[in-house]
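Welcome to a short set of exercises with worked solutions. Have a look at the sequence and the structure first, then try each task before reading on.

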Amino acid sequence: MAGTGTKPSVNRSAAPLVEAMAAEADSLRVAVLAGPLGCRLIDAGATRRGGIEAGRRLTEICMGGLGQVAIVPATTTPRWPFAIRVGATDPVVACLGSQYAGWSLADDGWFALGSGPARALYAKEDIFADIAYADRAASGALVLETDTAPTEAVVRMVADGTGLDPAALTFLYAPTQSLAGSTQVVGRVLEVALHKVHALHFPMERIVDGIGIAPLAPPSPDFVTAMGRTNDAIIYGGTVHLFVEGPDDDARDLAQRLPSSTSRDYGAPFGEVFRRFGGDFYAIDGMLFSPAEVVVTALESGNSHRAGAIAPGLVDASFG
């Protein structure tokens with residue numbers, strides 16, 4: 001349990017980042033608004049312009065204040081010169097305990113997946129038992145990939161789930177079609193890798209460190225195109241390096257099974273795959289959602305195992 005000295009509190013670590021974003025709202029082109037039941041809203045791309053820096057900060061908040069996020073030159077996608085690089089010294093907590101979009105929220109036609117530190121206050125998703133983590137804090141922040149603010153019923157649902165008064169909650173939101181939304185989705189490159197590591201049943205306690213990078217995807221006003229580009233940035237343009245404990249053979253096996261190229265649905269831009277399955281996101285092979293290229297270093301042996309490859313042509317086909 002967080003707060004005992006064994007694991008950091010993602011909500012307490014993220015709180016200064018949330019306050020800084022609110023304080024710098026004008027320069028970041030975001031809006032701070034009063035929400036239902038007294039909660040606070042930060043619109044980072046729905047009715048406000050937002051931008052790449054707002055998306056970078058959303059990524060840091062999503063990672064519970066435990067991540068290091070930077071916009072850097074890209075070296076593997078010649079036509080797309082910039083990338084988002086993310087790292088975390090406690091990647092399992094930062095990514096799966098906070099950043100992963102795992103809290104399903106719905107009310108009368110409104111729907112979004114909640115990500116960010118408030119998930120760990122709720123901690124009812126199965127993954128929290130698997131990683132042995134939950135959080136306690138006096139305030140919470142939840143990031144939503146949506147173009148509309150949460151409804152009163154959703155705010156109440158989150159307040160009840162976290163045990164917090166609505167006035168102690170901040171909801172930050174931006175659609176995938178926006179600059180901030182697109183940036184923070186591509187900033188999940190390390191989280192996507194760790195989610196697949198979990199799906200492959202590799203012991204999560206043996207993940208020591210990790211870093212990932214993926215090209216910034218240009219947004220599109222069309223949702224399917226925007227969603228396709230952000231996924232393709234990771235599936236065909238993303239690289240992740242994990243540092244793990246345990247036998248060298250286990251690290252080699254993980255590297256071989258982790259890249260997106262192991263999926264039956266690999267090989268076409270994500271928008272095409274999505275349309276092939278009639279828009280049913282959950283019909284797509286879950287093994288596709290992982291980086292194009294991985295390196296897994298076994299710390300005991302010092303050996304590094306590589307698999308997969310960047311596919312710049314597919315990135316180009318997706319980005320336009």
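**Exercise 1. Cysteines**

Decide whether C39 counts as buried or exposed, and find out how many disulfides the structure holds.

*Solution.* Keep in mind that this is a predicted model.

Step 1: A residue is called buried when its relative accessible area is under 20%. C39 has 2% relative accessibility, so C39 counts as buried.

Step 2: Look for a bonding partner. The closest cysteine sulfur to that of C39 belongs to C62 and lies 17 Å away, which is too far for a bond. The cut-off for a disulfide is sulfur atoms within 2.5 Å.

Step 3: Turn to C62. Its nearest cysteine sulfur is the one in C95, at 10 Å, and C62 is in no disulfide. With 0% relative accessibility, C62 counts as buried too.

Step 4: Put the count down: the structure holds zero disulfides.

**Exercise 2. Two helices that meet**

Work out how helices α3 and α4 are placed against each other, and which residues of α3 and α4 meet.

*Solution.* Step 1: Start with α3, which spans residues 52-62. Nine of its 11 residues are buried, so this helix is mostly covered. The buried ones include R56, R57 and E60, along with L58 and I61.

Step 2: See what comes after α3. G64 follows this helix and has a positive phi, near 65 degrees.

Step 3: Now take α4, residues 91-99. Nine of its nine residues are buried, among them P91, C95 and G97.

Step 4: Compare the axes. They are 9 Å apart, and the two helices pack at an angle of about 95 degrees. Angles of 65 to 115 degrees count as roughly perpendicular, which makes α3 roughly perpendicular to α4.

Step 5: Find the contacts. On the α3 side there are T59, I61 and C62, and they meet A94, S98 and Q99 of α4.

**Exercise 3. A six-stranded sheet**

In what order do the six strands of the open sheet lie, and which are the edge strands?

*Solution.* Step 1: Write down the order, which is β3-β4-β9-β10-β11-β12, with mixed pairing.

Step 2: Look for strands that pair on one side only. These edge strands are β3 (67-73) and β12 (304-308).

Step 3: Check the twist. On average, neighbouring strands of this sheet are turned by 15 degrees against each other, direction ignored.

Step 4: Add the helix that packs on the sheet. Helix α4 touches β4 (82-88) and β9, and its direction makes about 60 degrees with that of β9.

Step 5: Walk through some of the pairings.
- β9 (residues 207-215) and β10 (residues 239-244) run antiparallel and are joined by six bridges; G212 has V240 in β10 as its bridge partner.
- β10 and β11 run parallel, again with six bridges; here F243 stands opposite T297 in β11.
- β11 and β12 pair over five bridges in the antiparallel sense, with R306 in β12 as the bridge partner of V295.

Step 6: Ask how covered β11 is. Five of the six residues of this strand (residues 293-298) are buried, so β11 is largely enclosed by the rest of the structure.

Step 7: Finish at the hairpin of β11 and β12. Five residues lie between the strands, and G302 takes a positive phi near 80 degrees.

**Exercise 4. Strand β7 and its partners**

Which residues of β7 point one way and which the other way, and how does the chain cross from β7 to β8?

*Solution.* Step 1: Strand β7 covers residues 140-144, and five of its five residues are buried.

Step 2: Sort the side chains. G140, L142 and L144 point one way, while A141 and V143 point the other way.

Step 3: Find the antiparallel partner. Strand β6 (residues 110-115) is joined to β7 by two bridges and runs antiparallel to it. G114 has L144 in β7 as its bridge partner.

Step 4: Find the parallel partner. Five bridges join β7 to strand β8 (residues 169-173), and V143 stands opposite L172 in β8.

Step 5: Trace the connection. From β7 the chain passes through helix α7 (residues 152-162) to β8, and this β-α-β crossover is right-handed.

Conventions. Residues are numbered from 1 along each chain as its sequence is written. This is a predicted model: local features need pLDDT of at least 70, side-chain atom pairs count only at pLDDT 80 or more; totals for chains, interfaces and linings use all residues. Side-chain values use heavy atoms; hydrogens and water are left out. Two strands pair if DSSP finds at least two bridges between them. Helices (H or I, at least four residues) and strands (E, at least two) are DSSP runs, numbered from the N terminus. Axes are lines fitted to C-alpha atoms, for helices over the stretch in contact, and angles run from 0 to 180 degrees between N-to-C directions. Contact means heavy atoms within 4.5 Å. Buried means under 20% relative accessible area, exposed over 50%, partly exposed in between (1.4 Å probe, protein chains only). A crossover is right-handed if, with the strands pointing away from the viewer, the path from the first strand over the helix to the second runs clockwise. Angles under 35 degrees count as roughly parallel, over 145 as roughly antiparallel, 65 to 115 as roughly perpendicular and the rest as oblique.
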